[in-house]
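Trainee: Could you take me through one part of this model closely, and then set that part against the rest of the chain? I would like a connected account rather than a list.

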Amino acid sequence: MIFLFEQFPYSMEYLKSVLPLDKEGRFKDLPNGFVTRDGKLDGVGYLFNGSRLGGRDDKAGDRIVFVLPKVFLDSSARNDAAKVSAFGQDVPHDKNFELNGDHKDFLANLSLWVCSSIGKYREDFPDDKSMEAPTARGFSTDKACPTLIDVKNAMERFYEENKSLFVFVSKNVHSGNNRIDWRRTMRKTPFLQGAGSAATPIYMELVNKKKVFDLDDRLIVLFFSAMNYIEETFGFKMPKSEFYAPMRVNEFRRLLGHRGIMELRRIKHKYFADKFLRLYNIMKAFFEWGGNFSACGFGSEYLLTSKYNNVFEHMIDKLVGDDLPAIQKKKNLDDGKIIDHLYKENSLIFSSGESDKIWHIGDSKYYSDPEDIRGQSIAKQFTYAKNIIQDFFSPGYVDSLNKEPAERNIGNVHRGVRYRDDLTEGYSVTPNFFIRGEVPAYNQEQGKEQFGDSYFRNPGVGNYELIQEVKESDTFDDGEGDKNRNIKNHLWEHRNRQFQNRLFDRDTLLLQVYNVNFLYVLKAFTAKSSSLRTEFKRTAREKFRKNFLTLLDEKYVFWAVYPRKESLDNFVTNNFRKLQGKMFRRDESDNFIILALEKGADKNPEILTDVKKVADLMWVAVEKFIDGSDVNCLEVREVVDGRWNNQDNGFYLKKEIFEERVLNNTTLPKKLVVKSQDGNAVIRESLLNGGVIPDYSPNGEYGDVDCYFLPCKQRLDK
């Protein structure tokens with residue numbers, strides 16, 4: 001087999017030695033533009049070189065050519081043709097790419113998964129003109145004419161799904177072979193021992209029961225013979241049976257084409273079971289292909305796409321997005337743009353349940369490229385989010401505002417989504433993200449295991465994450481003069497916003513980038529079992545949400561604001577201009593609002609001081625907001641070091657005590673030294689209390705250090 005790579009510059013002489021040519025030495029039987037003038041291949045997939053001259057040293061397997069996606073090329077040197085590598089080895093310009101050691105099966109299986117992903121995409125999008133295939137695909141009926149890869153994949157799938165069938169048929173056919181057939185034995189002349197009527201007949205030749213060759217058995221023999229022929233001729237590793245001996249390759253080759261089809265026709269009427277009818281169709285497809293292959297005029301066949309990015313997008317959408325028709329339709333925006341991935345998930349800011357969802361919007365990039373995270377790509381991704389928000393506030397939404405919250409958007413694709421809080425006019429944070437394909441780096445420490453299952457699953461040794469956010473150390477060329485720009489800083493500085501320090505503003509949009517193990521995506525997408533896809537979807541969505549929460553905790557401080565002497569409505573009205581875009585009400589039943597402020601001593605002191613005059617502030621960690629649950633609550637004895645303050649109506653804990661005993665718990669105790677506690681911990685910095693935190697102990701051990709405050713809504717004397 002020949003393994004090539006998309007967009008890698010090969011010598012033209014080498015390409016002419018492995019790709020189909022006409023008599024004049026020009027490329028033929030290939031899509032227009034597949035081979036570029038500089039020796040690059042503009043496509044991904046499979047082709048069979050039917051024009052390759054057959055000689056004594058020519059192997060049929062070398063007529064099979066796989067073009068692998070450029071994502072497998074080392075991204076750090078992809079633009080330097082002299083240093084490009086794949087799977088830890090240099091890619092040659094003038095000969096076949098082969099891995100050191102016995103790893104041919106790895107490349108063959110990987111190539112088949114790539115082709116399978118193209119085939120599945122083509123089944124879902126048959127009108128996509130970027131898919132090139134001269135022959136019909138699929139063969140559930142008598143009319144189709146499949147490729148070798150189609151037949152091979154169908155054979156392997158049938159074997160995996162019906163292993164028990166072959167065992168059952170074998171035992172049933174050969175059961176009773178050693179029993180005596182007395183009816184046929186007694187037809188022979190016996191030897192009589194004794195005289196007269198007392199003579200005893202003795203049969204010297206016993207006839208055993210031996211069933212005639214079963215037709216089902218014959219079909220199965222043809223099946224395993226065909227798989228043996230594929231393995232011996234083309235080099236693909238195929239299943240074998242311990243019950244059925246395949247025909248010799250030379251003998252079976254005579255059946256290719258018309259003779260094999262005629263034999264199948266003679267036994268077709270014997271089959272009624274669905275499984276055997278399916279096997280019959282697979283064998284018929286094989287003999288049809290074999291007839292073309294064995295003919296002198298067999299032309300080249302191929303399944304190629306010049307837009308493998310569309311295939312990758314489809315794979316990610318199947319693994320991450322929602323398949324509901326209404327959601328798929330919503331991805332097609334009114335301005336002609338199409339969103340790659342769209343699904344509902346719990347809101348980022350203190351989600352209150354199933355009725356508090358937000359749209360998650362993603363875009364796929366099937367290999368790393370600086371253009372993916374700068375300029376137009378970022379602007380387009382923000383436009384997707386703006387369009388979805390605008391679509392949410394359609395006339396139907398406005399008309400539904402007079403209904404109860406539970407009845408709004410019933411029957412609408414936006415049902416359950418909550419973008420805006422009507423009281424504060426704050427907007428929920430909309431998650432936006434890029435997903436880029438990444439191949440785990442080659443690691444010599446893994447030895448033979450390098451190309452095992454772990455390589456498809458793990459980005460690195462000991463790391464089992466399928467999806468990773470770009471690291472703090474990840475850099476790229478930002479196109480603005482900095483060739484080592486930190487990606488995360490770049491995305492934060494280029495966030496979409498109209499005003500500063502307004503997280504809950506409609507125009508404030510954040511963006512993140514994730515790298516996904518491309519090998520595992522291939523495996524999960526092409527696998528028959530849905531468990532891999534389910535695992536991927538669960539892991540991916542958890543990762544996206546968790547990382548966005550981490551980003552918010554890094555960049556913002558969140559406070560729960562309880563007005564002291566006025567209603568929540570009046571508080572919002574009186575402070576609207578000052579807090580617009582900074583406040584959001586989690587739920588219509590809440591008696592507090594969430595205040596989000598960007599971190600930085602020069603940004604928030606005035607706002608905090610003004611709000612503190614009329615309301616209680618409680619610091620809130622995004623992921624640790626009180627939910628009323630008693631799970632993992634601390635015992636009273638664990639907070640006895642707290643100092644009660646009657647004026648502030650709560651407990652103060654030294655920073656190191658709180659972080660050691662409290663911060664890692666999902667909830668806080670309902671009771672603190674028999675005092676009712678309500679809300680989460682508040683970090684009281686010096687600026688909130690005149691520059692010094694009061695001394696609550698005789699020996700002054702707290703001094704002016706920062707403390708954590710645990711508020712109690714019920715006063716000590718009540």
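Mentor: Let us begin with Gln 381, which is buried, its relative accessible area being 0%. Please keep in mind throughout that this is a predicted model. Gln 381 sits in helix α12, which runs over residues 376-392. Leaving aside residues up to four places away in sequence, Gln 381 touches Ile 361, Gly 362 and Asp 363, then Asn 432, Phe 433 and Phe 434, and also Leu 511. Burial of this residue can be set against the chain as a whole, where 50% of the 718 residues count as buried. The contacts of Gln 381 can likewise be read beside the chain-wide figure, in which residues 24 or more positions apart account for 70% of the contacts with a separation of 6 or more.

Another residue with 0% relative accessible area is Asp 421, which is therefore buried, a value under 20% being the criterion. Asp 421 forms a salt bridge with Arg 585, and the closest N and O atoms of the two are 3.3 Å apart. Because Asp 421 lies in the loop between α13 (395-400) and β12 (431-438), whereas Arg 585 lies in the loop between β18 (583-584) and β19, the pair ties together parts that are 164 residues apart in sequence. Arg 585 counts as buried too, at 10% relative accessibility.

The strand β19, which bounds the loop of Arg 585, covers residues 593-598 and pairs with β17 in the antiparallel sense over 6 bridges. Within this pairing, Val 557 has Leu 597 of β19 as its bridge partner. Strand β17 itself, residues 556-563, is mostly covered, with 8 of its 8 residues buried. Tyr 556, Phe 558, Ala 560 and Tyr 562 point one way from β17, while Val 557, Trp 559, Val 561 and Pro 563 point the other way, and residues on both sides are buried.

The salt bridge of Asp 421 has counterparts elsewhere, for the structure holds 23 salt bridges. One of them joins the side chains of Glu 263 and Arg 218, at 2.7 Å from N to O. Glu 263 lies in helix α8 and Arg 218 in helix α6 (residues 215-234), so this pair ties together parts that are 45 residues apart in sequence. Glu 263 is buried, with a relative accessible area of 12%, whereas Arg 218, at 22%, counts as partly exposed. In a further salt bridge, between Arg 485 and Glu 493, the closest N and O atoms are 2.4 Å apart; Arg 485 is buried at 15% relative accessible area, and Glu 493 is partly exposed at 49%.

Just before α8 (258-267) comes a loop that begins after α7 (249-253), and Gly 257 has its place there. Gly 257 is buried, with a relative accessible area of 5%. Its C-alpha atom is separated by 4.9 Å from that of Phe 287, although the two residues are 30 residues apart along the chain. Beyond residues up to four places away in sequence, Gly 257 touches Phe 287, Gly 290 and Gly 291.

For contrast with these buried positions, consider Met 186, which is exposed, with a relative accessible area of 52%. Met 186 belongs to the loop between α5 (182-185) and β7 (191-193). Together with Trp 182 and Leu 206, Met 186 forms a nonpolar patch on the surface, with about 340 Å² of accessible area in total.

Notes:
Residues are numbered from 1 along each chain as its sequence is written. This is a predicted model: local features need pLDDT of at least 70, side-chain atom pairs count only at pLDDT 80 or more; totals for chains, interfaces and linings use all residues. Side-chain values use heavy atoms; hydrogens and water are left out. Buried means under 20% relative accessible area, exposed over 50%, partly exposed in between (1.4 Å probe, protein chains only). Contact means heavy atoms within 4.5 Å. Helices (H or I, at least four residues) and strands (E, at least two) are DSSP runs, numbered from the N terminus. Two strands pair if DSSP finds at least two bridges between them. Patches are made of residues with over 30% relative accessible area and no salt bridge: like charges are joined within 9 Å, nonpolar side chains (Val, Leu, Ile, Met, Phe, Trp, Tyr) within 5 Å. Accessible areas come from the Shrake-Rupley method with a 1.4 Å probe; for residues, only the protein chains shown count as cover. A salt bridge is a side-chain nitrogen of Lys or Arg within 4 Å of a carboxyl oxygen of Asp or Glu.
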